[in-house]
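Welcome to this guided tour! Open your viewer, get ready to select residues by number, and follow along one stop at a time.

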Amino acid sequence: MAARTVDIDEDVTKALRKFRFQRRSQGNAAIVIKINKVALKMAVDEEYDSISIDDLVEELPRNSPRYVVLSYELKHRDGRTSFPLVFINWAPSSSETTMMTLHASALLDFQRVVEANKTIEVRDAEEGLTKEIVDERLLS
């Protein structure tokens, strides 16, 4: 097996598993993962419960990539509500090159661990992530 550039720490795997299996009845929740470039390991950066997409965007760094796993309250056209898992690859174009390279190198490994329903790529921190964008991606 080839060596990975960035390891997914066991704490991250446990936190993701716990996050994935939490039963939600309303609102959005998110877990934000960052890469520690010295240790070459992923770490949980933040966890949010009942957070709007706008507030989540406010909390995310403008110049540093993050992996975000979002449990999203989706209102279907037929009136049902579901809570799909959305993987957001937060990679603002203003991020430092070495961090972007590490982030990109670990992306597929992280996606496999997350097993999200949809992936959304965000390069533009200001405009790239809105409730409308998430709804559109999930309902299409």
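Begin by selecting Lys-34, Asp-45 and Arg-66, which are joined in a network of salt bridges. Keep in mind as you look around that this is a predicted model.

**Stop 1: more salt bridges**

How many salt bridges does the structure hold? There are 11 of them, and we can visit a few here.

Select Arg-62 and Glu-58 next. These two form a salt bridge in which the closest N and O atoms are 4.0 Å apart. Now show the surface: Arg-62 is partly exposed, because its relative accessibility is 25%. Glu-58, at 58%, counts as exposed.

Then move to Lys-75 and Glu-73, whose side chains meet in a salt bridge with 2.8 Å from N to O. Is each partner buried or exposed? Lys-75 is exposed, with 52% relative accessibility. Glu-73 has a relative accessible area of 19% and is buried, because buried means under 20%.

**Stop 2: helix α4**

Select residues 131-139, which make up helix α4. Which residues of this helix are buried? They are Val-134, Asp-135 and Leu-138. Turn the view until you look down the axis of α4: the buried residues fall within an arc of 100°, so they line one face of the helix. On the other side of α4 you will find Glu-132 and Glu-136, which are exposed.

What do the buried residues of α4 pack against? Colour α2 (53-59), β5 (74-75), β7 (85-90) and β8 (118-122) to see their partners.

Before leaving α4, show the side chains of Asp-135 and Lys-131. They form a salt bridge, and the closest N and O atoms are 2.8 Å apart. Both residues lie in α4, four residues apart, which is about one turn of the helix. Here is some background for that: an α-helix has 3.6 residues a turn, so residues three or four places apart point the same way. Asp-135 counts as buried at 19% relative accessibility, while Lys-131 counts as partly exposed at 42%.

**Stop 3: the aromatic rings**

A search of the whole structure finds three aromatic pairs. Select Tyr-67 and Phe-87 to see a tilted pair, with 6.0 Å centre to centre and 35° between the planes. Tyr-67 lies in strand β4 (residues 66-71) and Phe-87 in strand β7, so this pair ties together parts that are 20 residues apart in sequence. Both Tyr-67 and Phe-87 are buried.

Now add Phe-110 to your selection. Phe-87 and Phe-110 form an aromatic pair that is also tilted, with 5.6 Å centre to centre and 50° between the planes. This pair links distant parts of the chain, since Phe-87 is in strand β7 and Phe-110 is in helix α3, 23 residues apart. Both Phe-87 and Phe-110 are buried. Show the three rings together: Tyr-67, Phe-87 and Phe-110 form one aromatic cluster.

**Stop 4: helix α3**

Phe-110 leads us to its helix, so select residues 97-114 to show α3. The 18 residues of α3 should span 26 Å at 1.5 Å a residue, and the end C-alpha atoms are 25 Å apart, which agrees. Where is the kink in α3 centred? Look at Leu-107, the centre of a kink of about 45°.

Next, colour the buried residues of α3, which are Met-99, Leu-102, His-103, Ala-106, Leu-107, Asp-109, Phe-110 and Val-114. Just after the helix comes Glu-115, whose phi is positive, near 55°.

**Stop 5: backbone angles in two loops**

A little background helps here: most residues other than glycine have a negative phi.

Select Leu-40, in the loop between β2 (29-36) and β3 (41-49). Leu-40 is not a glycine, yet its phi is positive, near 55°. With a relative accessible area of 32%, Leu-40 is partly exposed.

For the last selection, go to Ser-50, in the loop between β3 and α2. Ser-50 has a positive phi of about 50° although it is not a glycine. At 59% relative accessibility, Ser-50 counts as exposed, because exposed means over 50%.

Terms used:
Residues are numbered from 1 along each chain as its sequence is written. This is a predicted model: local features need pLDDT of at least 70, side-chain atom pairs count only at pLDDT 80 or more; totals for chains, interfaces and linings use all residues. Side-chain values use heavy atoms; hydrogens and water are left out. Helices (H or I, at least four residues) and strands (E, at least two) are DSSP runs, numbered from the N terminus. The expected span of a helix is 1.5 Å times one less than its number of residues. The bend at a residue is the angle between axes fitted to the seven residues ending there and the seven starting there. Buried means under 20% relative accessible area, exposed over 50%, partly exposed in between (1.4 Å probe, protein chains only). The arc is that of the directions from the helix axis to the C-beta atoms. Contact means heavy atoms within 4.5 Å. Rings of Phe, Tyr and Trp (its six-membered ring) pair if their centres lie within 6.5 Å; planes under 30 degrees apart count as stacked, over 60 as edge-to-face and the rest as tilted.
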